[in-house]
Amino acid sequence: MIRTRCVQQLSALKRGSSLGTSMRSQNSGQPTSNLSARTPKRPRKRRANFPVEKLMEQFLEQSAQAEDNFYQVEERRLQAEDRRREMEHARELQMLQMLGQMFSSVSSAAAPSKASPPAARAPVNSSASSSPSCPRGQSGQVKHPSPRRDCFTQQSRLSTSAPQALVFDRYYSLGSTSHRGMDDDLLSLVKNTIPPLTSKKHKGQDGRIGIIGGCQDYTGAPYFAAISALKAGADLSHVFCTKEAAPVIKSYSPELIVHPVLDSPNAVEEIEKWLPRLHSLVVGPGLGREGLLLKTVKEVIEKSKTRDIPIVIDADGLWLVTQQPSVIQGYHKGILTPNIMEFTRLYQALNREPMDSSDHQHSLMQLSVAMGNLTVVLKGEQDVITDGSKVFTCSLEGSGRRCGGQGDLLSGSMGVFAHWAHSASAAGVIRSVNPSVVAAYGACSLTRQCNSQAFQRHGRSTTTSDMIQEIGSAFKKLFES
Ligand SMILES: NC(=O)C1=CN([C@@H]2O[C@H](COP(=O)(O)OP(=O)(O)OC[C@H]3O[C@@H](n4cnc5c(N)ncnc54)[C@H](O)[C@@H]3O)[C@@H](O)[C@H]2O)[C@@H](O)CC1
Ligand SMILES: Nc1ncnc2c1ncn2[C@@H]1O[C@H](COP(=O)(O)OP(=O)(O)OP(=O)(O)O)[C@@H](O)[C@H]1O
């Protein structure tokens with residue numbers, strides 16, 4: 001702005017100097033002696049040394065410098081403001097946990113004759129086996145250094161050392177017989193990770209999600225994933241797609257931020273620029289299998305891992321993993337979401353033997369362990385989730401309707417849940433279960449609930465767009481009632 005103002009001043013000055021010239025020429029009818037008597041002549045030499053243009057140039061340079069300084073100071077101020085707000089948010093979260101604990105202890109003291117709650121914190125697994133192949137942390141995660149030290153991590157250190165910072169035990173009843181025991185436990189954990197809606201937050205704090213996918217053939221899939229992330233509660237949703245796919249995806253929704261960079265010669269740098277601003281990535285919806293795109297995506301995954309960003313890999317992203325498992329192997333914030341076809345390919349690539357199709361849960365555990373205890377979700381009649389040590393199933397009733405794009409709703413919303421779950425875990429809100437598993441369970445429940453609700457309205461003609469329309473009310477029913 002300053003620069004624009006300077007340019008305006010410069011042209012005004014220039015106009016002024018030419019105006020002076022024209023005035024002089026208008027006055028040229030006056031006797032020359034008269035004119036020179038009123039305006040003392042400057043020595044010619046001095047004028048040649050300091051032409052107006054040179055002075056202006058200096059002036060502009062100084063202004064540009066001042067402008068740069070101003071922006072640097074402003075940026076530092078905004079960063080400090082961001083940090084302050086995030087600290088405030090983390091403090092609020094901790095207060096809420098403490099309040100919750102106080103309420104639960106008051107209510108259990110007030111009603112001793114009621115059916116007793118589970119003796120200890122009920123284990124939320126349906127079956128368990130330890131994984132010898134992988135060093136594990138307290139919450140069952142592979143340990144990785146975290147280069148990012150945000151306020152949540154600081155909060156986590158506080159919480160873990162404070163005696164009162166216990167897991168927030170809440171039990172919710174959905175009033176349905178199909179949700180008991182394990183489902184209730186996991187649902188309550190999912191609820192605990194959902195950030196409260198408060199007026200104190202600024203845009204972006206509840207999630208900035210990046211979707212990597214979208215090419216000439218597939219524009220629907222990245223759109224479904226990105227809009228689902230927004231509707232599940234992310235503040236901002238970015239799509240990184242090819243140049244050709246971008247206008248199409250933009251035209252579906254003005255709410256998405258679309259970057260036509262995936263097939264540009266410097267695609268990795270273009271995407272990398274955005275990584276510091278993203279909370280999680282969903283890789284694969286509508287990506288296609290073109291070699292150059294997959295190479296770019298591989299590099300972006302590598303860069304994201306060094307930033308400790310949760311990464312959900314779906315669809316053609318899984319094709320990449322099948323070719324090069326090491327790209328995500330052992331990354332504790334990675335989640336794979338294969339359908340049965342994708343799962344079979346992955347299993348065979350990793351285990352080099354045919355899969356035992358009579359025992360999917362066992363095969364899934366084997367795959368997860370082979371992938372370094374990565375969280376894997378096998379989608380189907382039941383969604384089966386494992387991190388190689390425990391197996392969970394989500395069998396919330398959906399419907400008999402299968403339409404293309406349901407998996408994109410799942411992966412897009414999982415991107416948001418993954419950000420929330422890992423933030424909550426860092427803040428000490430969830431401890432007993434791997435946050436990736438909690439995120440996976442949240443997204444599976446939401447997808448199935450959307451499918452059920454959309455089917456009640458539209459029956460056989462249900463499409464993914466109809467399911468997306470249901471995200472708001474399904475979310476409320478599952479997690480906010
Ligand atoms: N509107 C869109 O743009 C959509 C694009 N999609 C994208 O399409 C690309 C390819 O995905 P595909 O799933 O077709 O590729 P796959 O190679 O995984 O699937 C190939 C074949 O497997 C079949 N199949 C899928 N699920 C199965 C199951 N559970 N049991 C038996 N057979 C099964 C499919 O019908 C298909 O014929 C991905 O990038 C994906 O994201 C899909 O997400 C659907 C919607
Ligand atoms: N047989 C089923 N019964 C009930 N729900 C199912 C069934 N199959 C899939 N789903 C639901 O749909 C979700 C997506 O699974 P799906 O198999 O459609 O994925 P996908 O093939 O990858 O999808 P996409 O069409 O987006 O590529 C699952 O997580 C589950 O919630």
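## Two ligand sites and a buried helix

Among the 18 residues around ligand 1, the nearest are Gly-286, Arg-289, Asp-316, Arg-345 and Asp-408. The model is predicted.

**Ligand 1**

Three polar contacts to ligand 1 are listed in the table below, together with three to ligand 2.

| Ligand oxygen | Protein atom | Distance |
|---|---|---|
| ligand 1 | Gly-220, backbone N or O | 3.2 Å |
| ligand 1 | Ala-221, backbone N or O | 3.0 Å |
| ligand 1 | Arg-289, polar side-chain atom | 3.0 Å |
| ligand 2 | Asn-339, side-chain N or O | 2.9 Å |
| ligand 2 | Gly-407, backbone N or O | 3.0 Å |
| ligand 2 | Asp-408, polar backbone atom | 3.2 Å |

For ligand 1, Arg-289 contributes through its side chain, with a polar atom 3.0 Å from a ligand oxygen. Gly-220 instead uses a backbone N or O atom, at 3.2 Å. Ala-221 also uses a backbone N or O atom, at 3.0 Å. On its own, ligand 1 exposes 840 Å², and the protein buries 56% of that area.

Three helices each supply at least two residues of the shell around ligand 1: H7 (220-232), H11 (315-323) and H12 (340-351). Helix H12 gives the most, with 4 residues. By class, the shell holds 7 nonpolar, 6 polar and 5 charged residues.

**Ligand 2**

Which residues come nearest to ligand 2? Of the 13 around ligand 2, they are Asn-339, Lys-379, Gly-405, Gln-406 and Gly-407. The side chain of Asn-339 places an N or O atom 2.9 Å from an oxygen atom of ligand 2. Gly-407 offers a backbone N or O atom at 3.0 Å from a ligand oxygen. A polar backbone atom of Asp-408 lies 3.2 Å from an oxygen of ligand 2. Taken alone, ligand 2 has 620 Å² of accessible area, of which the protein covers 80%.

Helix H14 provides the largest share of this shell, 4 residues. The shell around ligand 2 has 1 nonpolar, 6 polar and 6 charged residues. Asp-408 appears at both sites: it is among the residues nearest ligand 1, and its backbone has a polar atom 3.2 Å from an oxygen of ligand 2.

**Ser-413 in helix H14**

Helix H14 also contains Ser-413. Is Ser-413 buried or exposed? Its relative accessibility is 0%, so Ser-413 counts as buried. Beyond its neighbours within four places in sequence, Ser-413 is in contact with Ser-228, Ala-229, Ala-232, Ala-443, Leu-446 and Thr-447.

**Helix H6**

Helix H6 covers residues 182-193. At 1.5 Å a residue, its 12 residues should span 16 Å; the end C-alpha atoms are 17 Å apart, which agrees. Because 12 of the 12 residues are buried, H6 is largely enclosed by the rest of the structure. The buried residues include Met-182, Asp-183, Asp-184, Asp-185, Lys-191 and Asn-192. Leu-186, Leu-187, Leu-189 and Val-190 are buried too.

What covers the buried residues of H6? The cover includes strand S10 (390-394) and helices H14 (406-426), H15 (435-458) and H17 (471-479). H14 thus has two roles here: it is part of the cover over H6, and it gives 4 residues to the shell around ligand 2.

**The whole chain**

The protein chain comprises 17 helices and 10 strands. Of its 481 residues, 48% count as buried. Among contacts with a separation of 6 or more, 72% join residues 24 or more positions apart. The chain exposes about 24700 Å², and carbon and sulfur atoms supply 54% of that area.

Terms used:
Residues are numbered from 1 along each chain as its sequence is written. Chains are lettered from A and ligands numbered from 1 in the order in which they are written. This is a predicted model: local features need pLDDT of at least 70, side-chain atom pairs count only at pLDDT 80 or more; totals for chains, interfaces and linings use all residues. Side-chain values use heavy atoms; hydrogens and water are left out. A residue is near a molecule or strand if one of its heavy atoms lies within 4 Å of it. A polar contact is a pair of N or O atoms within 3.5 Å; within protein, one must be able to donate a hydrogen and the other to accept it, and residues adjacent in sequence count only if both atoms are side-chain atoms. Accessible areas come from the Shrake-Rupley method with a 1.4 Å probe; for residues, only the protein chains shown count as cover. Ala, Val, Leu, Ile, Met, Phe, Trp, Tyr, Cys and Pro count as nonpolar, Asp, Glu, Lys and Arg as charged, and the others, Gly among them, as polar. The expected span of a helix is 1.5 Å times one less than its number of residues. Buried means under 20% relative accessible area, exposed over 50%, partly exposed in between (1.4 Å probe, protein chains only). Contact means heavy atoms within 4.5 Å.
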